[in-house]
Amino acid sequence: MIPQLVTLRYRGPGGRWLRLYLPVLPAAVLLSPLLILAVLAGLIACVTFGISPTSELRGAGHLLWALPGTRVEIEDGQTTLLVSVR
Amino acid sequence: MNEQRRQVLQMLAEGKITADEADRLIEALERDQPELPPATATRQKPRPKYLRVVVLDSSSGPEPTRVNIRVPLQLLRAGVQLTSLIPPQALTRVNAELDKSGVPIDLAELKPQQLEELVDQLHEVTVDIEDGDAKVQVFCE
């Protein structure tokens, strides 16, 4: 399953939490013109470097599908950063 | 029914031993049998899903630095698959740089299947490093 929600939490030295919930699908739809450009650029790069574009797309798809469950927490003194992909 | 138990019952049927003797022999056979073969026990263990990296560093000040990373093993597999798409020119340059740094590894020799096997065996890996105020743990769960 592709990621559905990316959660970003940040606590600065002031102790205030900043929470950002990013629904992936709506964000992807919103950014679709840029995504199309990025895919085109990737395809051109594949052709330039002699890599199979289908393999590249399949690899990128696997990577995207495997992202849910990833969690990164970094706490340094008063500063905390948490990134979670669901 | 295993062969030894069958032999005991056969001897009982032929009247070579009494029922009590057969009972004692069967009990002795059951005691001698291992409870579970180790391979079966390993197979029943649930496969780990995540690779965890936990770092705790108390040397920087009163409040320790903590890093807690959880990466799905599936993501590692997907990443490993992507390595097969590295252009040959890039591989040559990476190999040259590795060689220059004293790590003579030819990445072109690494096959995706070998890398996948490596990821499959990761669940056996546990790294636990403790150095003064710093602690690093890498394990699968």
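Select strand β3 of chain A, residues 71-76, and strand β4 of chain A, residues 79-85. In this predicted model, the two strands pair in the antiparallel sense. Six bridges join them.

Now zoom in on one position in this pair. Which residue of β4(A) stands opposite Glu73(A)? Select Leu82(A): that residue faces Glu73(A).

Next, zoom out to the sheet. Show the strands of chains A and B together. The sheet is open and has eight strands. Trace them in this order: β2(A), β1(A), β4(A), β3(A), β2(B), β1(B), β4(B), β3(B). The pairing is antiparallel. Pause at the step from β3(A) to β2(B), where the order passes from chain A to chain B.

Where are the edges? Select β2 of chain A, residues 17-23, and β3 of chain B, residues 127-131. Each of these edge strands pairs on one side only. Now look along the sheet. From one strand to the next, the twist averages 5°.

Add helix α4 of chain B, residues 73-82. What does this helix touch? Helix α4 packs on the sheet and touches three strands of chain B: β1 (50-57), β2 (65-72) and β4 (134-140). Compare directions: α4 makes about 70° with β2(B).

Finally, show chain B alone. Count six helices and four strands. Walk along the sequence and the pattern reads α-α-α-β-β-α-α-α-β-β. Chain B has 141 residues, and 2% of them count as buried. Now look at contacts in chain B between residues at least 6 apart in sequence: 48% of these join residues at least 24 apart.

Technical notes: Residues numbered from 1 in each chain as written. Chains lettered and ligands numbered in written order. Predicted model: local features only at pLDDT ≥ 70, side-chain atom pairs only at ≥ 80, totals over all residues. Buried ≥ 20, exposed ≤ 12 C-beta atoms within 10 Å, placed from the backbone. Contact = placed C-beta atoms within 7 Å. Pairing = 2+ DSSP bridges. Axes fitted to C-alpha atoms, helices over the stretch in contact; angles between N-to-C directions.
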